[in-house]
Amino acid sequence: MFVESIEYLLTPTSPLARKYGFLYSSISLRHRYERCKKKWIPHLKNCQDVFLEAAKDLPQRNSVVVLGSAHLHEIPIHLLLQNFEKITLVDVVHPLKHHWLAKKNPRVTLVTQDLTSALKHLEKLHSLSDLHALANDLAGEQLFKFKADLIVSGNLLSQLALLPISAIEKVMKRELTTEEKDAICSDFAQTHLRNLNGCEGKKLIYADREVIYKDPEGKEIYRGHYDVNFNNYKEMRKWTWEIAPLGEASKKYSIDMNVEAYIKD
Ligand SMILES: C[S@@+](CC[C@H](N)C(=O)[O-])C[C@H]1O[C@@H](n2cnc3c(N)ncnc32)[C@H](O)[C@@H]1O
């Protein structure tokens with residue numbers, strides 16, 4: 001607890017990221033990884049395999065950008081350094097160890113950015129239609145543009161709408177229905193994909209697309225999915241990630257995610 005408090009105080013964080021709990025989520029994600037990493041091994045191996053496959057055929061391997069880099073549990077820093085000369089990590093909050101790494105290794109650069117550009121508008125939202133209008137406005141904007149030999153969007157797609165959804169739930173004092181959440185999630189995901197498309201370089205995107213809750217007997221009790229059109233991407237691989245074994249999120253259910261990876265030249 002003491003270590004986490006120090007980490008919380010020392011990690012450089014933008015006021016928006018701190019306000020909306022990204023730093024707290026980042027520290028919790030590392031703890032979840034420590035608790036679940038044995039179960040996560042097949043997922044982590046799949047992420048590394050698709051990364052190595054995408055890097056293999058590049059004409060040159062000078063630069064890589066990782067969007068949603070978090071702790072780099074999925075594509076560890078040693079793999080990035082082995083395969084590319086310059087590494088750019090992009091996230092709304094970076095863990096302390098990556099700030100230290102970027103200070104001592106000139107090959108690593110950190111970009112701290114809200115890739116949705118939505119966070120700064122959240123306080124002005126009063127209703128679900130305001131959130132739809134915001135998503136609509138942002139869909140017409142260029143929110144990011146990176147240039148690299150390989151640009152990876154690493155398990156970020158489903159996360160982009162989470163904060164905007166919880167902000168509007170607080171204002172409306174009710175939980176959005178699954179359909180309402182899925183519609184917002186699809187809007188943010190589609191905008192991300194369009195911006196990724198506009199980046200210069202080969203693109204690799206992997207993301208959870210479907211969530212499945214199972215009771216202690218392994219019987220499915222809920223399945224949720226958000227739509228995104230990957231039409232000009234090539235599908236690479238699909239796998240199931242046992243993200244929360246029974247007892248991790250609840251004693252009443254376990255959570256699996258169906259993950260998909262796509263590539264585009
Ligand atoms: C599930 S984690 C990604 C896992 C990561 N690829 C790894 O290897 O450990 C999702 C990340 O997306 C980041 N994120 C969520 N919303 C974001 C936004 N609007 N802009 C930038 N990053 C965001 C979170 O801070 C978090 O680090």
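Buried here means under 20% relative accessible area, exposed means over 50%, and partly exposed is anything in between (1.4 Å probe, protein chains only). By that yardstick H94 is buried, with a relative accessible area of 1%.

Some housekeeping: this is a predicted model, in which local features need pLDDT of at least 70, side-chain atom pairs count only at pLDDT 80 or more, and totals for chains, interfaces and linings use all residues. Residues are numbered from 1 along each chain as its sequence is written, and side-chain values use heavy atoms, with hydrogens and water left out.

Back to H94, which sits in the loop between β2 (86-91) and α5 (96-104); helices (H or I, at least four residues) and strands (E, at least two) are DSSP runs numbered from the N terminus. Not counting residues up to four places away in sequence, H94 touches T11, S69, L89, H99, L110, V111 and T112, where contact means heavy atoms within 4.5 Å. Its side chain also reaches the backbone oxygen of V111 at 2.8 Å.

Now the ligand. It is surrounded by 19 residues, the closest being G68, E74, D91, D114 and L115; a residue counts as near if one of its heavy atoms lies within 4 Å. The table takes in polar contacts, meaning pairs of N or O atoms within 3.5 Å; within protein, one must be able to donate a hydrogen and the other to accept it, and residues adjacent in sequence count only if both atoms are side-chain atoms.

| Residue atom | Partner | Distance |
|---|---|---|
| V92, polar backbone atom | ligand nitrogen | 3.3 Å |
| Q113, backbone N or O | ligand nitrogen | 3.5 Å |
| D114, side-chain N or O | ligand nitrogen | 2.8 Å |
| D114, side chain | T116 side chain | 2.7 Å |
| D114, side-chain polar atom | L119 backbone nitrogen | 3.0 Å |

D114 belongs to the loop between β3 (108-112) and α6. Setting aside neighbours within four places in sequence, D114 is in contact with V92 and L119.

As for packing, the largest nonpolar core has 47 residues, and L67, F146, L157, F188, I205 and F230 have the most contacts inside it. Such a core is a set of buried Ala, Val, Leu, Ile, Met, Phe, Trp, Tyr and Cys residues joined through side-chain atoms within 4.5 Å. α8 provides the largest share of this core, six residues. A second, separate core of 35 residues includes L72, I87, V152 and Y206.

Finally, α3 bends by about 90° at K37, the bend being the angle between axes fitted to the seven residues ending there and the seven starting there.
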